[in-house]
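Work through the exercises below with the sequence and the structure open beside you. Try each task yourself before you read its solution.

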Amino acid sequence: MAKTRIAYFCQSCGFESAKWLGKCPSCQQWNTFVEEVLEKPNTSVPTWKISTSTTQQRANKPVAVADITFTEEHRLLTPDAEFNRVLGGGIVAGSLVLIGGEPGIGKSTLMLQLALNMPGQKVLYISGEESDKQIKMRAERLSNLLPPPPPKGGATELAVTLKAPPLGGGGGLGCYILTETSTQNIFKQIEELQPDLVVVDSIQTLHSAHIESTPGSVSQVRECTAELLRFAKESATPVFLIGHITKDGMIAGPKILEHMVDTVLQFEGDRHHVYRILRTVKNRFGSSSELGIYEMLGEGLREVSNPSEILLSQRDEPLSGITISATLEGMRPMLIETQALVSTSPYGTPQRNANGFDTKRMNMLLAVLEKRCGFKLGAKDVFLNITGGIRVEDPAIDLGLAAAIISSHEDIPIPFKTCFAGEIGLSGEIRAVNRVEQRIAEAQKLGFEQIFISKYNLPQGGKGKQMSIDLSRYSIQIKPVANIEEVFGLLFG
């Protein structure tokens with residue numbers, strides 16, 4: 001018989017305790033411990049393997065680094081270029097990817113659209129929240145599918161066929177739907193189907209027979225993820241997990257869940273707007289600063305290949321407090337619209353509010369403008385906004401934000417077709433930014449006429465530093481500046 005015991009888990013961080021505690025010693029949160037009954041699994045019963053004949057036993061022995069043979073990893077490319085970029089170049093075999101986001105943001109739509117359009121791949125979509133008929137209705141909306149033929153292999157499996165030519169080469173011909181929440185039954189179906197890709201929607205709905213607790217609890221989420229992790233690594237099958245989030249925006253379940261997986265993706269956006277952002281939080285196989293932008297339509301998610309066009313609003317006349325800044329998200333250059341509003345404070349304490357930008361850095365910029373340039377902003381309300389609903393941490397937008405603040409303060413609009421790329425120091429100097437050539441090329445491609453950059457990005461301004469920029473190949477007018485007073489002199493006279 002398997003042994004059972006009672007333990008207490010913190011719902012915030014997953015800390016385990018033998019008794020109930022009012023305050024978690026790990027995350028310092030109050031009243032987060034819940035009681036769960038644990039059962040130690042029998043060692044003779046495999047965790048996810050149905051039969052040992054189809055698996056290979058590996059002998060784990062220490063091996064010297066020089067004796068390890070390494071071959072270049074083969075990535076599975078999807079028809080979605082934005083998804084490939086966020087993952088670092090495609091799906092790695094045996095990887096475990098966790099996708100989180102708010103309810104109704106489009107996580108299930110994104111993964112079902114990926115499962116329907118994988119060319120030449122057999123994809124198993126496991127749903128614990130919806131029935132197969134609900135998923136079929138959503139699949140028809142995404143890919144214009146015909147009604148399904150009568151199922152032959154069982155009521156829980158559903159292969160869909162296309163009415164039009166396959167989108168991206170897949171068209172749902174290799175997509176199978178399984179509505180199940182028990183991990184033992186799931187692995188049994190996986191053993192029979194042998195899929196190339198597995199999608200689980202969602203990890204909080206699964207439960208394992210080895211743990212006597214409700215689905216979604218800390219122990220169940222941890223045990224189910226561990227079983228899927230062992231399956232992915234031993235069978236080299238990539239697995240995608242959809243996870244719920246808490247009211248604070250964190251992925252629900254223990255914090256160890258994010259440490260167990262290889263990649264953590266965050267699907268962000270406002271449900272009242274059409275644009276969605278897929279951001280990389282953690283990636284063991286690529287950069288963790290990549291960004292993918294989608295547009296939510298009635299037929300599904302559409303890739304946005306040129307995000308600069310949607311992040312820049314079309315204006316008929318120049319307005320004060322609006323500038324364009326060149327930023328980088330991973331390897332992608334983007335032009336974003338930075339807005340500022342400076343007004344007299346009707347109360348004793350002025351308000352400081354930033355949307356999409358760090359408030360502490362905004363206060364630093366205001367202190368530099370007041371100390372080095374003489375603008376009296378201490379009794380003014382200052383509001384900053386990054387359009388498009390994205391959050392930017394690139395210091396290269398400092399110059400654009402400072403110009404927007406002074407433009408709103410003086411009520412003088414910035415000239416059309418003007419772009420900024422520079423970091424502001426505490427002494428008011430304009431510091432050099434990385435990969436300035438890509439920022440200049442992006443501004444030139446979108447038709448801007450001039451761009452302000454730091455003179456220390458140029459060879460003569462860097463005092464012998466290895467900064468070689470060929471200015472002759474750019475048709476845009478490049479204006480190198482050394483300090484913030486020089487920028488305001490050129491802009492406002």
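Two strands pair if DSSP finds at least two bridges between them, and helices (H or I, at least four residues) and strands (E, at least two) are DSSP runs, numbered from the N terminus. The model is predicted, so that local features need pLDDT of at least 70 and side-chain atom pairs count only at pLDDT 80 or more, while totals for chains, interfaces and linings use all residues. Residues are numbered from 1 along each chain as its sequence is written, and side-chain values use heavy atoms, with hydrogens and water left out.

**Exercise 1.** Describe the open sheet of 7 strands and the pairing of strand 15 with strand 16.

*Solution.* Begin with the order of the strands, which is 17-18-16-15-19-22-23, with mixed pairing. Next, look for the edges: strand 17 (352–355) and strand 23 (477–481) each pair on one side only. Then turn to strand 15 (residues 322–329) and strand 16 (residues 332–344), which run antiparallel and are joined by 8 bridges. Within this pair, Ile324 has Glu337 of strand 16 opposite it.

**Exercise 2.** Find which strands helix 10 (residues 436–445) touches where it packs on the sheet.

*Solution.* Contact means heavy atoms within 4.5 Å, and helix 10 touches strand 15, strand 16, strand 19 (418–421), strand 22 (450–454) and strand 23. For its direction, note that angles run from 0 to 180 degrees between N-to-C directions, and that axes are lines fitted to C-alpha atoms, for helices over the stretch in contact. The direction of helix 10 makes about 170 degrees with that of strand 22.

**Exercise 3.** Determine how helix 8 (residues 359–372) and helix 9 (residues 398–410) pack.

*Solution.* The axes of helix 8 and helix 9 are 11 Å apart, and the packing angle is about 60 degrees. That makes helix 8 oblique to helix 9, given that angles under 35 degrees count as roughly parallel, over 145 as roughly antiparallel, 65 to 115 as roughly perpendicular and the rest as oblique. In the contact, Arg361, Leu365, Leu366 and Leu369 of helix 8 meet Asp398, Leu401, Ala402, Ile405 and Ile406 of helix 9. Sorted by class, these residues comprise 7 nonpolar, no polar and 2 charged, where Ala, Val, Leu, Ile, Met, Phe, Trp, Tyr, Cys and Pro count as nonpolar, Asp, Glu, Lys and Arg as charged, and the others, Gly among them, as polar.
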